[in-house]
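The exercises below ask you to work from a single residue outward to its surroundings. Please keep the sequence and the structure open while you go through the solutions.

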Amino acid sequence: MVDQRRRFFLRSTQSTQNQPLPWIKDSMAFTDQCTRCGECQRACEENIIVPGDGGYPSIDFNKGECTFCYACAQHCPESLFLPEIEQPWQQVIAIKESCLAKQNIECRSCNDACDTRAIRFQHQLGSVAQPQIQISDCNGCGACIAPCPVNAISMEQHP
Ligand code: SF4
Ligand code: SF4
Ligand code: SF4
C-alpha cells in the first residue's frame with residue numbers, strides 16, 4: 001500500500017496538476033512539515049496554487065504559469081523553502097503523441113507561449129514542422145501548458 005506522502009510525491013511527477021511548489025527543500029518531508037495554512041496560495045499572484053491531494057498546496061499549470069516571483073516562499077511561516085538564489089525546481093516539459101503537430105496538423109501554440117524559446121519547430125519532409133524541446137532552456141515555468149489545445153504537454157521531474 002502506498003502511503004499518503006509517497007502518493008503525493010508520485011502524483012506530483014505525472015501530470016500538469018498536483019505539481020510541487022517551487023523552491024521546496026525536501027519534497028518527501030513536505031507533507032510532514034506543511035500545516036496547510038494556505039498562505040502560499042493567497043500570496044500567489046498567478047493563482048496557480050491550489051489545494052492538491054490531502055489539502056496540501058500544489059501547482060495547477062492548467063491555470064497559468066509560475067513567474068518565479070517567490071511570494072509563496074516569502075509568505076510561508078514554516079521552513080519549507082530554499083533561498084531565492086537556488087534553482088526553483090528540476091522539471092521540464094514533455095510533449096505527448098497527441099500533440100497536433102505530431103498528428104501532422106499545423107500548430108505552434110506552445111512555441112508562442114515560451115519566453116525562453118525552449119520549444120523550437122523544425123521542418124520535416126512530408127509533415128508539418130515538429131516541436132523540439134531544448135531541455136537546457138526549459139525553466140519549468142509551465143507557460144506552454146494551458147495554451148495547448150489538446151493537453152499534450154506534461155511536466156516531468158528532471159533529475
Ligand atoms: S513563485 Fe510566485 S507565481 Fe510561482 S507559485 Fe510561487 S507565488 Fe506563484
Ligand atoms: S504557506 Fe507553507 S505551511 Fe502554509 S500551506 Fe503553504 S507551504 Fe504549507
Ligand atoms: S515550461 Fe516554460 S520554459 Fe519550458 S518549454 Fe514550457 S514555456 Fe518554455
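**Exercise 1: one residue and its contacts**

List the residues that Ile 93 touches, leaving out those up to four places away in sequence.

Solution. Taking contact as heavy atoms within 4.5 Å, Ile 93 touches Ile 119, Ile 133, Cys 138, Cys 144, Ile 153, Ser 154 and Met 155. The model is predicted, so local features need pLDDT of at least 70 and side-chain atom pairs pLDDT 80 or more, whereas totals for chains, interfaces and linings use all residues. Residues are numbered from 1 along each chain as its sequence is written, chains are lettered from A and ligands numbered from 1 in the order in which they are written, and side-chain values use heavy atoms, without hydrogens and water.

**Exercise 2: the core**

Place Ile 93 in the largest nonpolar core.

Solution. A nonpolar core is a set of buried (under 20% relative accessible area, 1.4 Å probe, protein chains only) Ala, Val, Leu, Ile, Met, Phe, Trp, Tyr and Cys residues joined through side-chain atoms within 4.5 Å. This core has 39 residues, and Ile 93 is among those that touch the most other members, as are Cys 144 and Ile 153. Domain 1 (4-75) and domain 2 (91-157), with bounds from an automatic or database assignment, both contribute residues, so the core lies between them.

**Exercise 3: a ligand shell**

Which residues surround ligand 3?

Solution. With a cut-off of 4 Å between a residue's heavy atoms and the molecule, the shell includes Ile 93, Ile 119, Cys 138 and Cys 144. By class, the shell holds eight nonpolar, four polar and no charged residues.

Technical notes
Buried means under 20% relative accessible area, exposed over 50%, partly exposed in between (1.4 Å probe, protein chains only). Ala, Val, Leu, Ile, Met, Phe, Trp, Tyr, Cys and Pro count as nonpolar, Asp, Glu, Lys and Arg as charged, and the others, Gly among them, as polar.
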